Amino acid sequence: MRIGIDLGGTKIEVIALDSDGGELFRKRVPTPRHDYQQTLEAITGLVLDAEAATGKKGSVGLGIPGTISPFTGKVKNANSTWLNGQPLDKDLEAMLDRPVRIANDANCLAVSEATDGAGAGGKLVFAVIIGTGCGSGIAINSHVHAGGNGIAGEFGHNPLPWIDEEEWNYQNATPCYCGKKGCIETYVSGTGFANSYKFNTGKELKGAEIMALVAQGDAAAIKAIEDYERRLAKALAHAVNLMDPDVIVLGGGMSNVERIYDNLPRLMKEYVFGGECETPVRKALHGDSSGVRGAAWLWQRDDL
């Protein structure tokens, strides 16, 4: 049995999978925000709950909104800031008395979808979360590729390429929380979509409200989604130029906007070197469950 944990900013979810990926158990609890020790205890409790419910012991994988530094062995880059600087894997291993594998939540999405999702069969799968923020990760042969610094595939805090004058003005008015300007996240996250609409109209609406206006033929909303698609296409084309993945998988709230799958392939060709690009862009098959399933799949069949 494989046990996966998705450690989010507001909830912690556990899933237990059988050898074929079938779900045996699932449970969610609120995240004890800003309390590291209680977070450890909540994760440990969920693992024990899964084992008590199934009568089986399992391997443990954990997805986090950050990564383990290969240099310090401690969490870095986590927007759940109370995790930063903590030896999370070692502390959990001591409490659970077994090895624990930890990966960035976008890498967990990539592993999940590469194993038995929208990227199944692809050797190199690039997965992008386009939700409140923008995270991304790489799976090679269904295993996390974290890189020497632990941040491989993380393109959200690279600058958007090939910017035009409007994008230049937007980035100067909308700095990223990381302290830099022009980060891809500020354009292609769901937050970026709403911020871009507000930048042009002065109106503060949620993404779903903007898309409702698109359906009604509202010109400003149509411009907002067209701008969004072009910017996402530029960002993904940049990734194709760098790694040429077999499949690109999208998760997060904006991945549910169906029209982007019709328009991205055409738009990406304008920016991919040589003008040729048939890279499939697909919505995550497992949806919101991809992260927790990917955490479980951090232990693949040949690892057990």
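Which strands and helices each supply at least two residues of the lining of the largest pocket? Here are a few friendly notes on that and on the helix packing, bearing in mind that this is a predicted model.

1. To take the opening question: the elements that each give at least two residues to the lining of the largest pocket are strand 1 (2–7), helix 3 (105–116), strand 9 (134–140), strand 11 (247–251) and helix 10 (290–296).

2. The largest pocket holds about 1500 Å³ of space. Its lining comprises 47 residues, and those nearest the pocket centre are Pro65, Asn79, Asp105, Ile129 and Gly135.

3. If you are thinking about the chemistry of the lining of the largest pocket, its residues split into 26 polar, 12 nonpolar and 9 charged.

4. Two domains take part in the lining of the largest pocket: domain 1 (2–109 + 288–298) and domain 2 (120–284) each provide at least three residues.

5. On to helix packing, where a pair is described by the angle between the axes and the distance between them. Helix 8 (residues 219–243) and helix 9 (residues 259–269) have axes that come within 9 Å and cross at roughly 55°, which means that helix 8 is oblique to helix 9. The crossing of helix 8 past helix 9 is right-handed.

6. A second pair to look at is helix 1 (residues 36–54) with helix 2 (residues 88–96): their axes lie 10 Å apart and the packing angle is about 50°. Helix 1 and helix 2 are therefore oblique to each other, and helix 1 passes helix 2 in a right-handed crossing.

Note on methods:
Residues numbered from 1 in each chain as written. Predicted model: local features only at pLDDT ≥ 70, side-chain atom pairs only at ≥ 80, totals over all residues. Heavy atoms only, no water. 1 Å grid on protein atoms, 1.4 Å probe; cavity = no way out; pocket = protein on both sides within 12 Å on 5 of 7 lines; lining within 4 Å. Points joined across faces, edges and corners; volume = space filled by probe spheres on them. Helix = DSSP H or I, 4+ residues; strand = E, 2+ residues; numbered from the N terminus. Nonpolar A, V, L, I, M, F, W, Y, C, P; charged D, E, K, R; others polar. Domains from an automatic or database assignment. Axes fitted to C-alpha atoms, helices over the stretch in contact; angles between N-to-C directions. Parallel < 35°, antiparallel > 145°, perpendicular 65-115°, else oblique. Left-handed = near helix turned anticlockwise from the far one by under 90°.
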